[in-house]
Amino acid sequence: MKRRAFITLLGGAAAAWPLAARAEQQPTIPVVGFLNGSSAWEYAYVVGAFRQGLKETGYVEGQNVAIEYRWAEGHYERLPTLVADLLSRHVTVIAANGPAAVAAKAATSSIPIVFAIGADPVKFGLVASMNRPGGNVTGVALLSVELGPKKLQMLHELIPTVRTVGLLVNSTNPNAETQSRDLQVAAQDLGLQLHVLHANSESDFDKAFAAMAQLRVRALVIGTDGFLNSRSEQLATLSMRHAMPAIFQLREFVTAGGLMSYGTSLTDAYRLAGVYAGRILKGEKPADLPVQQAVKLELIINLKTAKTLGLEVPPTLLGRADEVIE
């Protein structure tokens with residue numbers, strides 16, 4: 001090699017070394033994949049709670065952690081593709097709700113997964129046990145599906161003269177069968193006739209309410225499901241349009257004009273999930289983090305809606321309410 005060429009090459013390499021060193025010194029921030037079966041606009045408050053949980057462990061989005069959001073918009077068949085996209089982006093941990101967590105677990109056994117699920121995560125095959133999850137998955141279990149019979153009991157307490165009630169479920173959700181079975185038993189215990197109706201997309205809502213009219217359903221329990229959660233305002237509007245007393249699990253249903261809601265606080269559950277995601281980012285293993293139980297329950301009643309429906313809320317039920325909208 002000629003001396004001049006060698007000097008040029010050496011000079012170029014020497015100039016490149018500081019750049020390479022600086023690049024190595026600049027740490028890349030971890031990326032959290034946030035995967036949800038519902039829609040972004042309905043779950044904005046839940047995202048805020050998740051960020052709060054991350055913040056409690058020292059992580060702030062845009063500063064020392066990035067979050068990649070993926071929403072299935074109620075179309076659970078999209079979840080495998082959304083998971084694959086997150087994995088291609090080399091996320092450090094995935095935070096997911098029930099059906100999304102199942103899809104994530106099927107796609108990876110190495111990337112940590114933190115779930116927030118309204119069902120038994122052991123029965124869903126997500127973890128080996130609550131205390132010792134094992135594998136790459138842990139998270140927060142909400143009292144949700146288990147509350148179906150209690151919702152029916154509250155509805156019956158409010159309208160004791162009604163003998164025919166409905167349950168609206170998304171049949172594509174794995175917990176739909178459990179919800180239907182549990183409420184059938186509860187309805188029999190109360191001497192009620194229960195009709196199970198399905199709504200897997202927005203186009204099914206009008207059909208379901210038309211079927212309720214034909215079946216003479218006079219009160220409705222709306223089942224636990226991410227898609228139904230994402231349409232809580234629409235369901236509130238439809239229940240009022242059809243003069244249907246209904247109970248759901250989300251506060252947003254009641255603030256939009258629905259009659260009652262009873263369920264675990266989603267903000268509390270997702271804050272806890274954010275804390276777990278932060279702890280995993282710090283180096284803890286999912287297998288060593290017991291599944292947490294979110295137990296903060298809220299009963300919310302819309303008195304204005306009750307009056308519009310011609311219902312008088314019993315003092316015993318009113319006294320148990322955590323919030324009353326007037």
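**Pocket, cavities and helix packing**

The lining of the largest pocket in this predicted model is made up of five charged, four nonpolar and two polar residues. The charged residues in this lining include Asp-120, Lys-123, Glu-146, Arg-181 and Asp-182. Ala-119, Phe-124, Val-145 and Pro-174 are also part of the lining, as are Asn-175 and Thr-178. The volume of this pocket is about 220 Å³.

Asp-182, one of the residues lining the pocket, also takes part in the contact between two helices, α5 and α6. Helix α5 covers residues 148-158 and helix α6 covers residues 176-189. Their axes cross at roughly 35 degrees and come within 9 Å, and the crossing is right-handed. On the α5 side the contact is made by Gly-148, Pro-149 and Leu-152; on the α6 side it is made by Asp-182, Leu-183, Ala-186 and Ala-187. Five of these residues are nonpolar, one is polar and one is charged.

Enclosed space is a separate matter from the pocket. The structure holds three cavities of 30 Å³ or more. The second largest of them contains about 50 Å³ of space, and α5, α6 and β8 (219-222) each give two or more residues to its lining. Gly-148 and Leu-183, which belong to the contact of α5 with α6, are both in this lining. The lining also includes Ser-144, Lys-151, Leu-167 and Gln-179, together with Val-221, Ile-222, Gly-223 and Thr-224. Val-145 lines this cavity and also lines the largest pocket. By class, the cavity lining has five nonpolar, five polar and one charged residues.

The largest cavity holds about 200 Å³ of space. Its lining has 19 residues, and Gly-98, Ala-116, Ile-117, Gly-118 and Thr-224 lie nearest its centre. Thr-224 is thus named for this cavity and for the second largest one. At least two lining residues come from each of α4 (98-107), β4 (113-117), α8 (226-230) and α11 (266-281). The lining divides into ten polar, eight nonpolar and one charged residues.

A further helix pair is α7 (residues 203-215) and α9 (residues 232-241), whose axes lie 11 Å apart at an angle of about 30 degrees. Because angles under 35 degrees count as roughly parallel, α7 is roughly parallel to α9. Their crossing is right-handed. Phe-205, Asp-206 and Phe-209 of α7 make the contact with Gln-234, Leu-235, Leu-238 and Ser-239 of α9. This contact has four nonpolar, two polar and one charged residues.

Key. Residues are numbered from 1 along each chain as its sequence is written. This is a predicted model: local features need pLDDT of at least 70, side-chain atom pairs count only at pLDDT 80 or more; totals for chains, interfaces and linings use all residues. Side-chain values use heavy atoms; hydrogens and water are left out. On a 1 Å grid over the protein atoms alone, a cavity is a set of points where a 1.4 Å probe fits but cannot get out, and a pocket is an open set with protein on both sides within 12 Å along at least five of seven lines; lining residues have an atom within 4 Å of a point. Grid points are joined across faces, edges and corners, and a volume is the space filled by probe spheres set on the points. Axes are lines fitted to C-alpha atoms, for helices over the stretch in contact, and angles run from 0 to 180 degrees between N-to-C directions. Helices (H or I, at least four residues) and strands (E, at least two) are DSSP runs, numbered from the N terminus. Angles under 35 degrees count as roughly parallel, over 145 as roughly antiparallel, 65 to 115 as roughly perpendicular and the rest as oblique. A crossing is left-handed if the near helix is turned anticlockwise from the far one by less than a right angle, and right-handed if clockwise. Contact means heavy atoms within 4.5 Å.
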